Amino acid sequence: MTNSKSYEHLKEEILETDEIFNGRVIKVTHDKVRLPDGETSYREIVHHNGAVAIIPVHEDHLYFVRQFRVPTGEVLLEIPAGKVERDEAPADTAEKELREEIGAVSPEIRKLYEFYTAPGFASELIHLYIAEELKFEAQALEEDEFLDIEKIHVDSLQAALDEGKFRDAKTIIAVQYVLAHL
């Protein structure tokens with residue numbers, strides 16, 4: 001829901017952009033900006049095309065993937081997720097990632113929320129979906145993807161959350177949604 005009030009007095013204007021890195025997943029820029037008071041400052045920005053995350057629910061269980069994440073140096077327990085490719089609709093990405101990561105399809109994948117992961121320095125917007133009435137097929141992992149599937153009964157989610165089993169924001173948001181709504 002967008003607030004109708006204008007916040008023009010808070011906006012910063014990009015004056016110059018210096019591209020630092022342009023890779024397969026992210027682009028990094030160093031931007032000179034004009035602040036609302038007319039002064040200038042600099043922003044380091046990680047540009048990302050966005051991602052989806054899916055809450056797969058089947059017979060009172062949530063399905064998660066466990067995988068190693070190089071940036072954290074940890075094996076994390078997460079809901080299925082993946083990056084949105086250029087010119088791909090987030091809903092299509094959600095269906096694709098559900099099939100790839102846990103080998104499931106759903107007759108209805110419903111969008112819940114959109115949220116930024118770290119708006120202080122990154123443009124990544126995650127589209128959160130819920131998928132129910134799952135039908136299972138074979139996993140279709142990408143060739144550089146290695147993960148295990150784990151299911152947790154909804155009655156055990158609060159304890160798992162309290163014990164710190166979930167350490168990434170999208171999964172914590174998803175679990176809290178389920179605890180509040182299912």
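**View 1. Y63 sits buried in this predicted model.** Its relative accessibility comes out at 10%, and since buried means under 20%, Y63 makes the cut. The ring isn't on its own, either: Y63 forms an aromatic pair with F136. The two ring centres are 5.1 Å apart and the planes meet at 45°, a geometry that counts as tilted. F136 is partly exposed, with a relative accessible area of 39%. Y63 belongs to strand β5 and F136 to strand β11 (residues 135-136), so this pair ties together parts that are 73 residues apart in sequence.

**View 2. Here Y113 meets Y177, edge-to-face.** The structure holds 3 aromatic pairs, and this is one of them. The ring centres are 5.9 Å apart with the planes at 80°, so the pair is edge-to-face. Look at where the partners come from: Y113 is in strand β9 and Y177 is in helix α3, so parts that are 64 residues apart in sequence get tied together. As for solvent, Y177 is buried at a relative accessible area of 10%, while Y113 is partly exposed at 37%.

**View 3. Now for the largest nonpolar core, a group of 23 residues.** The residues with the most contacts inside this core are I55, L62, F64, I79, L128, L157 and F166. Strands and helices both chip in: β4 (51-58), β5 (61-69), β9 (108-116), β10 (125-132), α2 (157-162) and α3 (169-181) each supply at least two of the core's residues. A second, separate core has 13 residues, among them V65, V84, A94 and L134.

**View 4. Zoom in on F64 and its neighbours.** Leaving aside residues up to four places away in sequence, what does F64 touch? The list runs L77, E78, I79, D148, I149, E150, I152, L157, F166, T171 and V175. Some of these names should ring a bell: I79, L157 and F166 are, like F64, among the residues with the most contacts inside the largest core.

**View 5. Three strands make an open sheet, in the order β1-β2-β3.** The pairing is antiparallel. Which strands are at the edges? They are β1 (13-22) and β3 (40-48), and each pairs on one side only. From one strand to the next, the twist averages 25°. Strand β2 (residues 26-34) pairs with β3 in the antiparallel sense over 9 bridges. If you want a spot to check by eye, try D31, whose bridge partner in β3 is R43.

How values were computed: Residues are numbered from 1 along each chain as its sequence is written. This is a predicted model: local features need pLDDT of at least 70, side-chain atom pairs count only at pLDDT 80 or more; totals for chains, interfaces and linings use all residues. Side-chain values use heavy atoms; hydrogens and water are left out. Two strands pair if DSSP finds at least two bridges between them. Helices (H or I, at least four residues) and strands (E, at least two) are DSSP runs, numbered from the N terminus. Axes are lines fitted to C-alpha atoms, for helices over the stretch in contact, and angles run from 0 to 180 degrees between N-to-C directions. A nonpolar core is a set of buried Ala, Val, Leu, Ile, Met, Phe, Trp, Tyr and Cys residues joined through side-chain atoms within 4.5 Å. Buried means under 20% relative accessible area, exposed over 50%, partly exposed in between (1.4 Å probe, protein chains only). Contact means heavy atoms within 4.5 Å. Rings of Phe, Tyr and Trp (its six-membered ring) pair if their centres lie within 6.5 Å; planes under 30 degrees apart count as stacked, over 60 as edge-to-face and the rest as tilted.
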